[in-house]
Amino acid sequence: MTNVLAVVGRNTLDFFRYLSGLYELSAKAVYWTFVAPFKGRHLKWGSAIHQMVVAGVDSIPIVSMISLFIGIVLGLQGAYQLAKFGATSFVTALVGVSMTRELGPLLTAIIIAGRSGSAFAAELGTMKVSEEIDALEAMGLNSIRYLVVPKYLAMLVMMPCLTMIADLSGIAGGALFEIAQLDKSFAMCLAATRDALEMHDITTGLIKSIVFGLIITTIGCKEGFGVKGGAEGVGKATTSSVVVSIFLIIFADVIFTAIFYFTG
């Protein structure tokens, strides 16, 4: 019994220590991103643009293709169920609302967590193991400003953009199914989507995407800075960053969906 309590207590302390580290990293990143520029400490836009290309632009093909296939699957499954009630005309609304409110931002976040979040952890972890971060600090350079803030800026800009691309790709996938199987024209699908969607549906997904982007960046950087044990530690940090990011993304999605539901 004593051993069980000791394990529970140790894990609880580790959990709160981890949360404390996330808060400290987030606070420093927010300061260097939104406060320091007004005090003459300019943002590193060159590095930020590079991160936008690597984490955002290079992710467009995979995000688009997966969202397109998900849109087709939604159309198939929706038509299968709605046909029982003679309501296949609502397939367009089902795909449009599902993609913009839920699946678009969620799928994008999971893809980016696996693609870019892990890359953040691996990059910083390798720098930590090779003592490059210590060298930066010894030169008087702030590691948060030079290594984390560009990633924050990139994710703040690119996550909503990628989410919009995912939304459009998913809706296009649903439209392809309807054109092929339900004898609808592209103009009919476009009109039905326009009638089904409200601005609230789109802004809900975009707000989620921004929060998801911050989660991915924070977890990836936190795991990278905490690497210990050489190459093996880098591998563990990379895996941990993906697992923790996806868990927190889904947890945050539940909270936001409940808030948006109860507030109308």
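A salt bridge is a side-chain nitrogen of Lys or Arg within 4 Å of a carboxyl oxygen of Asp or Glu. In the predicted model described here, the side chains of Lys 208 and Glu 102 meet this rule, with an N to O distance of 3.0 Å. The pair links distant parts of the chain, since Lys 208 lies in helix H8 and Glu 102 in helix H4, 106 residues apart. Lys 208 has a relative accessibility of 1% and counts as buried, whereas Glu 102, with a relative accessible area of 23%, is partly exposed. The pair also belongs to a network of salt bridges that links Glu 102, Lys 208 and Asp 253. Asp 253 is one of the buried residues of helix H9.

Side chains of opposite charge can pair when their charged atoms come close. By the rule given above, the count in this model comes to eight salt bridges. Another of them joins the side chains of Arg 101 and Asp 201, at 2.8 Å from N to O. Arg 101 lies in helix H4 and Asp 201 in helix H8, so this salt bridge ties together parts that are 100 residues apart in sequence. Arg 101 is partly exposed, at 24% relative accessibility. Asp 201 has a relative accessible area of 7% and is buried because the limit for that class is under 20%.

A salt bridge within a single helix is formed by Lys 236 and Glu 232, whose closest N and O atoms are 3.5 Å apart. These two residues are four residues apart in helix H9, so about one helical turn separates them. Both Lys 236 and Glu 232 are exposed.

Helix H9 covers residues 231-262 and has 32 residues. From its first C-alpha to its last, H9 reaches 47 Å, which is close to the 46 Å expected at 1.5 Å a residue. The buried residues of H9 include Gly 233, Val 234, Ala 237 and Thr 238, and further along the helix Ile 249, Ala 252, Phe 256 and Phe 260. Among the elements that cover the buried residues of H9 are helix H4 (91-129) and helix H8 (199-225).

Helix H2, made up of residues 45-56, has Ala 48, Gln 51, Met 52, Ala 55 and Gly 56 as buried residues. Seen down the axis of H2, these residues fall within an arc of 105 degrees, so they line one face of the helix. Their cover includes helix H3 (60-82), H4 and helix H6 (143-181). Helix H4 thus appears in the cover of H2 and in that of H9.

For the protein as a whole, nine helices and zero strands are found. The pattern read along the sequence is α-α-α-α-α-α-α-α-α. Taken along the principal axes, the C-alpha atoms fill a box of roughly 65 × 55 × 35 Å. The protein has 264 residues, of which 41% count as buried. Among contacts between residues at least 6 apart in sequence, 85% join residues at least 24 apart. The accessible surface comes to about 13,700 Å², and 70% of this surface belongs to carbon and sulfur atoms.

Key:
Residues numbered from 1 in each chain as written. Predicted model: local features only at pLDDT ≥ 70, side-chain atom pairs only at ≥ 80, totals over all residues. Heavy atoms only, no water. Expected span 1.5 Å × (residues − 1). Buried < 20%, exposed > 50% of the residue type's maximum accessible area, 1.4 Å probe, protein only. Contact = heavy atoms within 4.5 Å. Arc of directions from axis to C-beta. Areas by Shrake-Rupley, 256 points an atom, 1.4 Å probe, with all protein chains shown as cover.
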